[in-house]
Amino acid sequence: MNNIKKVYIAGGCFWGMEDLFRVRPGIKDTEVGYLGGENDEPTYKNHPGHAEGIELTYDPRATNFREILDYFFRIHNPTTMDQQGNDLGSSYRSAIFFQNEEEKAIAEEVIKIVDDSNRWEGKIVTTLEPYTHFWAAEPEHQDYLLRIPNGYTCHFERFGTFLKEKAS
């Protein structure tokens, strides 16, 4: 188990992001929850300042932080402040919760690449926030779209990769 890492991101309603990431190469586990807010033990009804986010457990031999962020910027709109689809408010903000300076630097680099691509109509508003704690959401929110396949989501894949092909 030493060969696993975790990533913490938010990009709107956590159900849709979890559903798309769960099938990505190298992703070993997904969990939805709350990040970056004001209270401990947040709940769906009480999570002031928290974003609906996901914890991704991945195998760095099969994927990496840059590739995960590349996909993140293709499945939600990172140019809408505190909004994804019909969901409004800071709970639905686009955010990367970096765990160290290396992740922060990679996130800044990927944001610049995405911004410079001009594929999105506006500028990227994704926040970079230091990771402090991930609070798992209630059981009814975990694996929601597996249990309710026609449930609500506003996430879908757009574009091809923002990153250059890997060097051989």
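1. In this predicted model, the buried residues of helix H1 are Phe-14, Trp-15, Gly-16, Met-17, Glu-18, Leu-20 and Phe-21. Buried here stands for under 20% relative accessible area.

2. That makes seven of the eight residues of H1 buried, so the helix is largely enclosed by the rest of the structure. The cover over these buried residues includes strands S1, S2 and S3, together with helix H2 (65–75) and helix H4 (144–147).

3. The sheet itself is open and has six strands, in the order S7-S6-S1-S3-S2-S8, with mixed pairing. Its edges are strand S7 (127–130) and strand S8 (134–136); each has a single partner strand, so one side of each is left without a neighbour in the sheet. From one strand to the next, the twist averages 40°.

4. Within the sheet, strand S2 (residues 27–35) pairs with strand S3 (residues 51–58) in the antiparallel sense, over eight bridges. One position to look at is Thr-30, which stands opposite Leu-56 in S3.

5. Helix H1 (residues 14–21) packs on the sheet and touches strand S1 (5–11), S2 and S3. The direction of H1 makes about 170° with that of S2.

6. Helix H3 (residues 101–117) also packs on the sheet, where H3 touches S1, strand S6 (94–98) and S7. The direction of H3 makes about 150° with that of S6. Strand S1 is thus listed among the contacts of H1 and among those of H3.

Technical notes
Residues numbered from 1 in each chain as written. Predicted model: local features only at pLDDT ≥ 70, side-chain atom pairs only at ≥ 80, totals over all residues. Heavy atoms only, no water. Pairing = 2+ DSSP bridges. Helix = DSSP H or I, 4+ residues; strand = E, 2+ residues; numbered from the N terminus. Axes fitted to C-alpha atoms, helices over the stretch in contact; angles between N-to-C directions. Contact = heavy atoms within 4.5 Å. Buried < 20%, exposed > 50% of the residue type's maximum accessible area, 1.4 Å probe, protein only.
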